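The following exercises concern helix packing, helix length and solvent exposure. Each task is followed by a worked solution.

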Amino acid sequence: MLNHIDEIQGIGLHLDLVLRKIQNAYLRAFEELNVEMTIEQWVILHRIYELGDEASQRDIVQSNFRNRATTSRVIGGLERKGWVSKARFDGDQKRFKLELTPEGQEVIDLVMPKALQLRKLAVKNMEAAEFVTFLRVLDQIGENYEAS
């Protein structure tokens, strides 16, 4: 197949198709749970949850692969919904500390079981070794583009 790569309609097209299917599954789940949220809001809300007391806007920007302006806009939306609060770290007035509000924690508690179910769906009918190979191949593709 690799010798026919130019005949393929485009690896990016295929990756985009799969990504859209994943995103649509998450959006349907949010809708079923009556949670009005975008994919980017979920990613950032979940990341704040994972980082806990040490969650900073800078860390979110660095781990989210989005620029500062986009991340700031999404965080602002989460603040307006009342799911996240933003303050300065004690002794560090340059960094914003992000915390889940009780309402934000409720959203995490509601959505997390469905998100875990969707993660399991992604690897259904796959051997562990196949998934490791899949991740290695994706990483290699990413490195190839990064190097160009």
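Angles between axes under 35 degrees count as roughly parallel, over 145 as roughly antiparallel, 65 to 115 as roughly perpendicular and the rest as oblique. The model is predicted: local features need pLDDT of at least 70, side-chain atom pairs count only at pLDDT 80 or more, and totals for chains, interfaces and linings use all residues. Residues are numbered from 1 along each chain as its sequence is written, and side-chain values use heavy atoms, with hydrogens and water left out.

**Exercise 1.** Classify the packing of helix 2 and helix 5, and state which residues make the contact (heavy atoms within 4.5 Å).

Solution. Step 1: helix 2 (residues 39–51) and helix 5 (residues 102–122) pack at about 105 degrees, and their axes are 11 Å apart. Step 2: the two helices are therefore roughly perpendicular to each other. Step 3: helix 2 contributes W42, L45, H46 and Y49, while helix 5 contributes G104, Q105, V107, I108, V111, M112, A115 and R119.

**Exercise 2.** Compare the expected span of helix 4 (1.5 Å times one less than its number of residues) with the separation of its end C-alpha atoms.

Solution. Step 1: helix 4 (residues 68–80) has 13 residues, so it should span 18 Å. Step 2: its end C-alpha atoms are 18 Å apart, which agrees. Step 3: just after helix 4, G82 takes a positive phi of about 85 degrees.

**Exercise 3.** Is V123 buried (under 20% relative accessible area), exposed (over 50%) or partly exposed (in between), using a 1.4 Å probe and protein chains only?

Solution. Step 1: V123 lies in the loop between helix 5 and helix 6 (128–147). Step 2: its relative accessible area is 29%, so V123 is partly exposed.

Technical notes
Axes fitted to C-alpha atoms, helices over the stretch in contact; angles between N-to-C directions. Helix = DSSP H or I, 4+ residues; strand = E, 2+ residues; numbered from the N terminus.
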